[in-house]
Structure formats: structure tokens, C-alpha cells
Amino acid sequence: ETLGVIGFPFSKGQPRNGTEHGPNVLREAGIITSLQSLGVNVIDHGDIEIEVVLRDEPMKNVRNPRTVAAANKKLSDAVAKLVKMNQSVLALGGDHCMAIGSIHGHAQVEPNLVVVWVDAHADVNTPLTSVSGNIHGMPLSFLLKELEEFVPKVPGFEWCKPCLSVRDLVYIGLRDVDPAERLIIEKFGIHAYSMQEVDKYGIKEVVERALNQVDPSGVRPIHVSFDVDAMDPTLTPATGTPVSGGLSLRESFYLAEEISNTGRLSVLDIAEVNPLLSTEDKRKLTVINTTDVSTKFYGYRRQGNAPRDYELP
Ligand SMILES: N/C(=N\O)NCCC[NH3+]
Ligand SMILES: [Mn+2]
Ligand SMILES: [Mn+2]
């Protein structure tokens with residue numbers, strides 16, 4: 001099967017320049033060749049062309065609404081096109097507003113998808129609960145049907161019809177959740193495995209419970225939205241909102257291997273790599289660790305990978 005890679009060189013969902021370089025630093029780190037060396041047929045479709053919308057005034061406190069909306073509409077169309085062609089999609093961000101386009105596009109073709117949101121943050125503020133106005137802290141509020149009545153019209157987002165139900169979403173890695181976000185999680189009973197649960201149950205149990213809760217019959221396409229700040233900042237320091245006490249490299253590998261083992265990973269977002277926010281060696285560390293997790297999502301096994309259709313000589 002074919003893995004289509006799309007770059008989303010974007011940073012306007014948050015205030016720190018640099019995430020627009022995420023796709024290219026991941027490519028420069030060899031993420032494409034690493035995946036090809038697994039025997040995956042990888043096609044790099046290049047980057048979404050980002051247009052700057054002039055006079056993109058804030059709507060109440062929501063920053064860069066039209067620019068964020070336009071970019072994510074393009075991403076949605078691109079992801080939908082590839083999924084329709086039976087490609088798995090790896091979307092390289094870019095800040096986490098990318099999930100609006102990525103999940104929306106995926107859902108146009110696979111409405112039965114489930115979302116595994118791997119992140120230190122819940123990213124489920126609405127435009128009315130967000131303190132910052134940064135859309136990368138709100139993507140799920142644009143996607144969740146149950147939140148539609150709580151989300152005001154934001155200019156540019158007319159195309160974005162909510163496409164996900166709270167019961168089809170599960171969080172892993174939370175450790176910096178706003179009060180309003182916790183209210184939403186509890187009000188709608190969203191499945192959420194914070195780092196507290198990871199410590200309590202262990203990653204094996206967390207992954208098992210998470211997948212069983214959103215997809216007990218084990219048949220639904222999986223969308224993983226992976227914010228690199230889910231991992232411990234000692235592993236991925238080049239990111240905008242690092243939070244201590246994150247997933248270890250081995251917990252991240254295990255999560256990726258188990259998702260890969262389902263055989264139903266359909267779209268993976270890699271969000272919030274910001275090479276400008278750290279020294280050269282910390283940038284290198286971030287992209288190497290991110291690449292190493294990505295290869296586990298697409299078949300690399302620490303146990304070893306026996307050659308396919310090949311006998312011992
Ligand atoms: N990395 C971030 N989200 O995943 N930052 C925004 C969230 C702050 N509440
Ligand atoms: Mn995020
Ligand atoms: Mn985050």
C-alpha cells in the first residue's frame with residue numbers, strides 16, 4: 001500500500017514562528033527515506049501552498065482566523081483526495097491547527113474514523129473559552145459535533161462542518177489541560193488518558209483501553225494526531241509549549257507499534273515541531289526522535305522485521 005506524505009508548512013495557529021519549517025526539517029532528517037527503507041511505498045506530495053490572507057483581523061480573540069481556515073481547507077481537500085485514492089497519509093506540520101484540515105478531510109472519505117489524540121494538551125478550547133485566541137489550542141472544537149452549539153461562526157471556516165463525535169475521540173498523554181477543557185472532557189465523557197493514567201496503568205493498558213473504547217470491534221480507520229509535545233521535552237525540546245513529565249521514547253515507540261499492529265492506521269499528523277525554538281543539537285534530537293517514532297507507526301519493529309517472501313539461503 002502507498003503512504004502519501006503532505007507537508008503543512010504553517011505557524012499561524014499560534015504565535016511562535018518556526019513551525020512552518022517543520023515539514024522541511026523532518027524531510028532533511030530523512031523521514032521519507034527512513035520510511036522507504038521499511039519497504040513502504042512512500043510518495044512525497046510536497047507542501048500545501050499557504051496563502052496569506054490580508055487584513056486577517058481577529059474575530060473576538062481568535063487570531064488569524066481566515067489564514068488558518070484557508071490553509072486548512074486546502075489540507076482537507078488534499079487529505080481527502082489521497083485517502084480516496086486508498087493512500088495512507090502522513091501529514092507533517094506545522095502547528096496543531098492542522099488537525100482541523102487533516103481530520104475534516106479524512107472524515108469526508110472515512111466518516112467512520114476514530115481519533116487518537118496524542119498530546120500534552122487537550123486542544124479543545126472553543127473560541128469563547130480560549131484565553132490565548134491561538135487556534136492550535138482549539139482544533140477539536142471545530143471538529144466535534146457536540147460542541148457545535150458552543151462554537152461561534154469564525155470567518156473563513158464556513159466549509160468546516162463538524163465531523164467527529166466525542167465518543168470517537170480518545171486522548172493519550174495529557175498533562176496541561178485548561179479548566180474549561182476539563183469541563184468539556186467531563187461534560188461529554190471524552191475518553192482521556194493523561195500521564196497520570198499512563199503512570200497508573202502503564203502504556204500497554206492505556207493503549208489497549210483507548211483503542212477498545214473508541215473501536216471495540218477493531219474495524220474502524222484510525223486517525224492519529226501526534227503533537228510532538230506529548231513526548232518528554234528532554235526528547236523533543238524543539239516545540240512551542242513543552243511540558244515536563246511526558247511520554248518516554250519507549251512509551252512512544254510502544255504506542256506507535258500497537259497502532260501499527262492494528263493495520264488500520266489511515267492518517268497520521270505530526271504537529272508542533274519548531275526548529276527555531278532551540279539550539280541546533282536540540283533541533284536534531286527532536287527530529288531524530290520524531291522520525292524514530294514515525295517508523296514504528298509504519299512497521300518498524302524493535303523485535304526485528306523478518307524479510308517478506310524470502311527463504312533462508
Ligand atoms: N501545544 C499546544 N497544544 O497542543 N499548545 C496550545 C494549548 C494550550 N492550552
Ligand atoms: Mn496539540
Ligand atoms: Mn501540545
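**Exercise 1. The shell around ligand 1**

Which side chain has an N or O atom 2.7 Å from a nitrogen atom of ligand 1? Describe the surroundings of this ligand as well, bearing in mind that the model is predicted.

*Solution.* Begin with the residues that surround ligand 1, which are D119, H121, D123, H136, D178, D227, D229 and T241. When these shell residues are sorted by character, five are charged and three are polar, while none is nonpolar.

Next, look for the individual contacts. The side chain to be found is that of D123, where an N or O atom is 2.7 Å from a nitrogen atom of ligand 1. A nitrogen atom of the ligand also has a polar side-chain atom of H136 at 3.5 Å, and an oxygen atom of the ligand is 2.8 Å from an N or O atom in the side chain of D227.

Finally, consider how much of the ligand is covered: on its own, ligand 1 has 290 Å² of accessible area, and the protein covers 89% of this.

**Exercise 2. Two manganese ions**

Find the donors of each manganese ion, and then determine which residue coordinates both ions.

*Solution.* Take the manganese ion (ligand 2) to begin with: its donors are H96 (ND1), D119 (OD), D123 (OD) and D227 (OD), at 2.1 to 2.2 Å. Along the sequence these donor residues follow the spacing H-x22-D-x3-D-x103-D. Because D123 lies in the loop between β4 (114-118) and α5 (139-143), whereas D227 belongs to strand β7 (residues 222-227), this pair ties together parts that are 104 residues apart in sequence.

Now turn to the manganese ion (ligand 3), which is coordinated at 2.1 to 2.5 Å by D119 (OD), H121 (ND1), D227 (OD) and, with two entries, D229 (OD) and D229 (OD). The spacing of its donor residues in sequence is D-x1-H-x105-D-x1-D.

The last step is to bring the ions together: D119 bridges the manganese ion (ligand 3) and the manganese ion (ligand 2), and the two ions lie 3.3 Å apart.

**Exercise 3. Buried or exposed?**

Decide whether D227, D229, R220 and E20 are buried, partly exposed or exposed, using the cut-offs of under 20% for buried and over 50% for exposed.

*Solution.* Start with the two aspartates: D227 has a relative accessible area of 2%, so D227 is buried, and D229, with a value of 1%, is therefore buried too.

Continue with R220, which is found in the loop between α8 (203-214) and β7. Its relative accessible area is 15%, so R220 also counts as buried. The side chain of R220 reaches the backbone oxygen of N112 at 2.8 Å.

End with E20, which sits in the loop between β1 (2-8) and α1 (22-28). E20 has a relative accessibility of 25%, and it therefore counts as partly exposed.

**Exercise 4. The whole protein**

Describe the overall form of the protein, and explain why its radius of gyration agrees with that of a compact globule.

*Solution.* First, the secondary structure amounts to ten helices and eight strands. Second, the C-alpha trace spans about 70 × 40 × 40 Å along its principal axes. Third, a compact globule of 313 residues would have a radius of gyration near 20 Å, and because the protein has 18 Å, its value agrees with that expectation. Lastly, 58% of the 313 residues count as buried.

Conventions: Residues numbered from 1 in each chain as written. Chains lettered and ligands numbered in written order. Predicted model: local features only at pLDDT ≥ 70, side-chain atom pairs only at ≥ 80, totals over all residues. Heavy atoms only, no water. Near = heavy atom within 4 Å. Polar contact = N/O pair within 3.5 Å; in protein donor to acceptor, adjacent residues only side chain to side chain. Areas by Shrake-Rupley, 256 points an atom, 1.4 Å probe, with all protein chains shown as cover. Nonpolar A, V, L, I, M, F, W, Y, C, P; charged D, E, K, R; others polar. Donors = N, O, S within 2.8 Å, 3.2 Å for Na, K, Ca; no water. Buried < 20%, exposed > 50% of the residue type's maximum accessible area, 1.4 Å probe, protein only. Helix = DSSP H or I, 4+ residues; strand = E, 2+ residues; numbered from the N terminus. Rg over C-alpha atoms; globule rule 2.2 N^0.38 Å.
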